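Grab a pencil and open the viewer. Below are some exercises on sheets, helices and a few odd backbone spots, each with a worked solution.

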Amino acid sequence: MKPVLEALKDHVLICDGAMGTMLQAGGLPAGACPEEAVLSRAELVLGVHAQYMEAGADIIETNTFGANRYKLAEYGLQGEVERINREAARLARKASRGRVYVAGSVGPLGKQLAPLGDLTFPAAVEAYREQMRALAHGGVDLLFIETVSDLKEAKAALIAAREVSGIPVVAHMTFGEGGRTLTGTPPDVAAVVLAAIGAAAVGANCSLGPEELLPIIKAMAAVSRMPLSVMPNAGLPELVDGVTVFRKSPAAMASFAARFAALGVGIIGGCCGTTPAHIRAMATAVARKRPGKRDVAPVLRLCSRTRMVSLEGERAPLVIGERINLSVRKAFARALLGDDTAPVREAAQAQAESGAHLLDLNAGAHTESLGATVSEANLMERVVRLVQRSVDLPLVIDSQNPDAVEAGLRECEGRALINSIPAEKERLSRLLTLARAYGAAIIVLPLSGKGIPDTAEKRVRCAEEVRASALRMGIRPEDILIDPLVMAASASPEQVRVTLETLRLLKSRGYQTVMGLSNVSYGLPERSVVNAAFLAMAMGCGLDAVIMNPSDVRVMESLRAGRVLSLADRGAKEFIAGLRAPAAARPAEKRATPRSLKDDIFAAILAGDREGVIPLVEAALARGIKPLDINIGMIAPALEEVGRRFERKQLFLPQMILASEAVQHAFARLRRAMRGEPMPSRGKIVMATVLGDVHDIGKNICCTVLENYGYEIVDLGRNVPAEAIADAAAHSVADIIGLSALMTTTMRQMEVVIAELRKRGMRQKVMVGGAVVTAAYARKIGADGHARNAGEIVGLVRKLSSDDRSTS
Amino acid sequence: MVAGGVIQNAVVEGGIEFEVLRALVLRRLQVSARDEGRLGKVRELLDSVCAAGRQYLAPAAVHATVDVAHCGDIEVSFTGTAFRVLSRDVASLLRSCGEATLMALTVGPAVTREIEHFMAAGRMTEAMILDAFASEAAEACVERLCAALGGRHAREGRAPTRRFSPGYGDWALDAQRGVLEALGAGRIGLSVNEQNILAPEKSITAVIGWKEFVQSA
């Protein structure tokens with residue numbers, strides 16, 4: 001047989017279908033460890049392999065999907081990883097009789113990686129290594145990583161695979177109905193990241209049927225020249241009488257197989273619900289067909305877990321935010337060492353809001369001078385983790401220390417850029433090895449042990465040496481950026497010209513370029529003016545990416561204007577949109593006119609800044625603005641915007657609650673200023689969790705939200721009898737009564753309360769809610785309205801109040 | 001035959017290992033995992049509340065595996081306990097089962113107290129996140145327990161049914177009291193009030209059946 005990658009170039013390879021269900025159909029108990037069957041039920045496993053081969057599979061998969069130490073531990077078999085995998089590979093080899101390829105199946109570990117879970121990245125790599133080493137020893141032709149939904153876990157698996165052997169790896173992720181993985185990764189990001197780390201093919205398996213996987217594979221095909229692989233379920237699972245069934249017929253699967261092949265998919269198989277009959281039909285449909293040709297331009301693509309940024313002509317120059325640099329910003333390092341994450345987090349968010357495409361992270365603080373002994377690698381790891389939690393931009397790992405670079409790359413969830421690789425032998429080879437291992441792109445620095453080359457030609461020659469080494473290591477040309485080196489104009493004015501000449505020369509040879517802008521203005525006054533001018537000149541030479549402060553409005557405006565003049569921004573759409581951006585969205589730093597208090601309060605409430613809103617309210621009071629005017633003119637508009645964004649799904653329930661809390665804090669401060677004078681009320685609402693029920697978190701949240709909107713709340717608490725609710729409603733002259741219950745048993749009490757109210761002749765509107773309460777149930781018991789969550793409650797109350805007015 | 005009281009072979013287990021999937025906590029908060037990056041400050045709270053949340057969880061379970069003595073249309077009785085199930089749904093679930101496991105699990109009262117503290121302090125967002133986290137933790141613990149039991153049974157050729165809890169289908173919520181009594185769940189601090197609400201709040205009772213698997217030739 002040809003090597004599998006050779007065969008893949010000639011024609012589509014058909015992979016087998018589901019294993020677990022076939023084993024169960026053959027008599028393996030449903031709760032038993034399926035992988036253990038290779039030891040105790042070898043004939044059964046051999047039989048499944050034989051059936052798929054007979055159906056026309058070119059690749060059979062070992063029965064090792066969950067044969068890692070963590071999954072096997074659930075059956076007390078963690079000590080059998082080596083034996084099970086080796087035996088499974090041996091069985092498949094035996095079944096194959098050298099006529100088909102054997103793929104070692106490797107599924108998820110069943111544990112979440114840090115920071116989401118407890119599993120560290122090195123521990124994940126080690127667990128995969130253990131399984132893959134045994135599969136390789138058992139003689140598999142390739143490895144299939146399957147059904148992984150966390151991009152970082154897929155990275156760990158690929159890194160492990162490349163460490164244990166040179167066997168080609170096909171990396172599949174699994175996607176949900178929204179077209180992303182459970183942790184939010186879209187297919188194009190998955191394809192780019194996994195291909196970069198060295199997968200021989202990328203693809204998708206499980207979770208969805210062929211119909212739903214088609215757009216996912218299309219998205220992968222658009223960004224990757226890699227061979228593709230797809231293993232759909234036989235349709236979406238349906239639950240019938242408590243049993244999961246898959247309904248796609250072999251014929252339907254076959255027609256999709258042909259469509260996948262036309263898209264350029266080279267490996268087509270089946271996952272849950274597929275049988276030898278499906279595989280036979282698919283094999284017949286695409287037998288010996290050549291995968292469709294794809295034309296994907298070689299473009300630099302960098303990713304976070306959820307987002308891809310590519311360097312295509314019209315995007316240039318990409319903006320790389322430079323603010324998170326611990327070597328020059330001691331305050332960041334000091335805060336971080338004291339576990340205060342706010343400065344770094346806020347810098348990340350501010351840069352993202354100001355239009356950065358990527359964020360540069362430099363953790364090279366001199367920690368000794370701060371009285372700490374934390375390594376740069378450790379700091380880098382913390383910064384990467386923190387920034388990834390704060391924004392969804394791809395990262396640039398900025399360090400000259402290979403240990404710190406490795407720590408950053410290991411922690412990075414997506415595909416990073418290394419800043420930078422100089423022409424110094426030792427660091428060069430170590431950094432290039434890291435770039436290759438972690439699939440990172442690189443910035444080349446034309447800097448050798450002999451210092452800074454003084455002419456453009458020398459700089460280009462120096463950079464080309466590094467570039468050649470990188471290409472020899474297998475790094476692609478599109479993944480290399482070159483820095484022409486920027487010097488301070490104040491110290492060496494003639495060097496500015498050399499930098500620009502280097503830039504022109506690099507571009508004339510077809511290389512991609514990047515530079516750190518602000519060095520040029522070092523030592524000069526009004527640095528932002530100098531930076532803006534230099535950027536315009538560099539853009540004129542074809543600069544592809546710039547490391548700068550995106551919150552510097554002047555430089556950003558120069559960049560946007562430059563994009564108009566270079567026809568990158570046709571019709572000046574972005575430029576005009578940038579000028580029109582509302583005050584709240586404009587960069588926080590170096591603004592020409594200070595943001596108004598109203599804007600600040602608005603922004604604080606929208607961000608849910610409970611602590612930050614209080615001093616702002618105090619500042620407004622100090623300016624002599626009346627509490628009521630602060631409420632109506634500053635807080636109410638923010639609250640309305642929160643409601644609007646929630647309705648448009650731009651804000652989510654917990655964010656809305658957090659914003660409500662910020663408003664509560666603001667109100668509390670206003671009330672103190674009002675010294676007992678009452679706030680105007682929109683109406684009175686009695687709220688209670690009914691008798692027998694003690695779950696009142698939902699009701700409490702509704703109370704908070706309603707209070708913010710100016711309603712007076714009488715909260716009776718939980719476990720409240722019907723009579724007490726009716727008494728309180730009568731006593732307080734409530735306009736509306738709100739009832740909450742969490743359980744099917746206690747929700748019946750709502751009906752009792754309504755009966756009690758009506759018995760007393762009380763006509764107040766009653767609204768109900770709770771986890772199990774539906775609109776239909778609300779109607780049935782005679783309630784006037786129903787809210788599914790705290791986000792709907794204000795709308796409901798307004799509706800009930802206006803009903804009242806129109807009927808009275 | 002034991003007329004009442006606690007099933008003799010009921011096992012108390014503490015220190016159950018578990019893992020709470022963040023995507024599931026987000027789902028309870030009505031946020032899809034893909035939108036996590038758009039949560040702003042809430043994301044930080046999610047991190048800190050979930051990380052700190054674990055210290056308030058002390059999962060403990062008590063379970064007993066008993067023979068199914070009789071399985072009628074609506075009534076199921078077991079060997080070694082006077083506890084009976086009255087439910088068509090459970091009866092059909094356990095129809096071909098030789099054995100069944102009754103279980104009760106709690107993650108303990110501390111987390112509920114912490115949720116109340118948050119509410120009392122007006123920190124509703126934290127309260128809501130911790131509530132979702134604790135509920136998912138209880139589910140995760142039961143899943144882990146079932147997987148461990150399943151492994152043991154599988155080696156003896158038995159496969160599990162679905163897990164079924166009082167309050168679902170036609171199995172009345174008041175069955176919880178019987179389950180707790182049969183298991184002696186007071187030993188793990190688990191009780192039920194007059195309205196059949198479990199205390200501590202984040203607790204689960206359930207039954208799972210084990211059917212003999214027909215071995216192939």
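Two strands count as paired if DSSP finds at least two bridges between them. Keep in mind that this is a predicted model.

**Exercise 1. Find the order of the 5 strands in the open sheet that has β22 of chain A in it, and work out which strands stand at the edges.**

Step 1: Go from strand to paired strand, and you get β22-β21-β23-β24-β25 in chain A, with parallel pairing.

Step 2: Look at the two ends of that order. β22 (711-715) and β25 (785-786) of chain A each have a single partner strand, so one side of each is left without a neighbour in the sheet.

Step 3: Zoom in on one pair. Strand β21 (residues 683-689) of chain A runs parallel to β22(A), and 5 bridges join them. Within this pair, A:Val686 stands opposite A:Val714.

Step 4: Now add a helix. Helix α27 (residues 697-708) of chain A packs on the sheet and touches β21, β22, β23 (736-740) and β24 (765-769) of chain A. The direction of α27(A) makes about 155° with that of β22(A).

**Exercise 2. Do the same for the open sheet of 8 strands in chain A.**

Step 1: The order here is β1-β10-β7-β6-β5-β4-β3-β2, and the pairing is parallel.

Step 2: The edges belong to β1 (13-14) and β2 (59-61) of chain A; each has a single partner strand, so one side of each lacks a neighbour in the sheet.

Step 3: Pick β6 (residues 201-205) and β7 (residues 228-231) of chain A, which pair in the parallel sense over 4 bridges. Here A:Gly203 stands opposite A:Ser229 in β7(A).

Step 4: Helix α10 (residues 210-223) of chain A packs on this sheet, where it touches β6, β7 and β10 (265-268) of chain A. Its direction makes about 170° with that of β7(A).

**Exercise 3. Decide how helices α7 and α8 of chain A lie relative to each other, and say what kinds of residues meet there.**

Step 1: Start with the geometry. Helix α7 (residues 121-138) and helix α8 (residues 151-164) of chain A pack at about 50°, with axes 8 Å apart.

Step 2: Classify the angle. Under 35 degrees would be roughly parallel, and 65 to 115 roughly perpendicular. That rules out both labels, so α7(A) and α8(A) are oblique to each other.

Step 3: Add the handedness: the crossing is right-handed.

Step 4: Check who meets whom. On the α7(A) side you'll find, among them, A:Phe121, A:Tyr128 and A:Met132, while the α8(A) side includes A:Ala156, A:Ile159 and A:Val164. By class, the contact of α7(A) with α8(A) has 11 nonpolar, no polar and 6 charged residues.

**Exercise 4. Repeat this for α23 and α25 of chain A.**

Step 1: The axes of helix α23 (residues 597-607) and helix α25 (residues 627-647) of chain A come within 9 Å and cross at roughly 40°.

Step 2: α23(A) and α25(A) are therefore oblique to each other, and α23(A) passes α25(A) in a right-handed crossing.

Step 3: From α23(A), the contact includes A:Ile601, A:Phe602 and A:Ile605; from α25(A), it includes A:Met634, A:Pro637 and A:Val642. Sorted by class, the contact of α23(A) with α25(A) has 10 nonpolar, 1 polar and 3 charged residues.

**Exercise 5. Check whether the radius of gyration of chain B agrees with that of a compact globule.**

Step 1: Get to know the chain: chain B has 6 helices and 9 strands. Its C-alpha trace spans about 55 × 45 × 30 Å along its principal axes.

Step 2: With 217 residues, a compact globule would have a radius of gyration near 17 Å. Chain B has 19 Å, which agrees.

**Exercise 6. Track down two cis peptide bonds, one in each chain, and a positive phi.**

Step 1: In chain A, the bond from A:Asn419 to A:Ser420 is cis, with omega near 10°. A:Ser420 lies in strand β16 (residues 417-422) of chain A.

Step 2: In chain B, the bond from B:Ala199 to B:Pro200 is cis, with omega near -5°. B:Pro200 is in the loop between β8 (198-199) and β9 (203-212) of chain B.

Step 3: A:Arg97 isn't a glycine, yet its phi is positive, near 45°. You'll find A:Arg97 in the loop between α6 (81-96) and β3 (101-106) of chain A.

Definitions and conventions: Residues are numbered from 1 along each chain as its sequence is written. Chains are lettered from A and ligands numbered from 1 in the order in which they are written. This is a predicted model: local features need pLDDT of at least 70, side-chain atom pairs count only at pLDDT 80 or more; totals for chains, interfaces and linings use all residues. Side-chain values use heavy atoms; hydrogens and water are left out. Helices (H or I, at least four residues) and strands (E, at least two) are DSSP runs, numbered from the N terminus. Contact means heavy atoms within 4.5 Å. Axes are lines fitted to C-alpha atoms, for helices over the stretch in contact, and angles run from 0 to 180 degrees between N-to-C directions. The radius of gyration is taken over C-alpha atoms; the globule rule is 2.2 Å times the number of residues to the power 0.38. Angles under 35 degrees count as roughly parallel, over 145 as roughly antiparallel, 65 to 115 as roughly perpendicular and the rest as oblique. A crossing is left-handed if the near helix is turned anticlockwise from the far one by less than a right angle, and right-handed if clockwise. Ala, Val, Leu, Ile, Met, Phe, Trp, Tyr, Cys and Pro count as nonpolar, Asp, Glu, Lys and Arg as charged, and the others, Gly among them, as polar.
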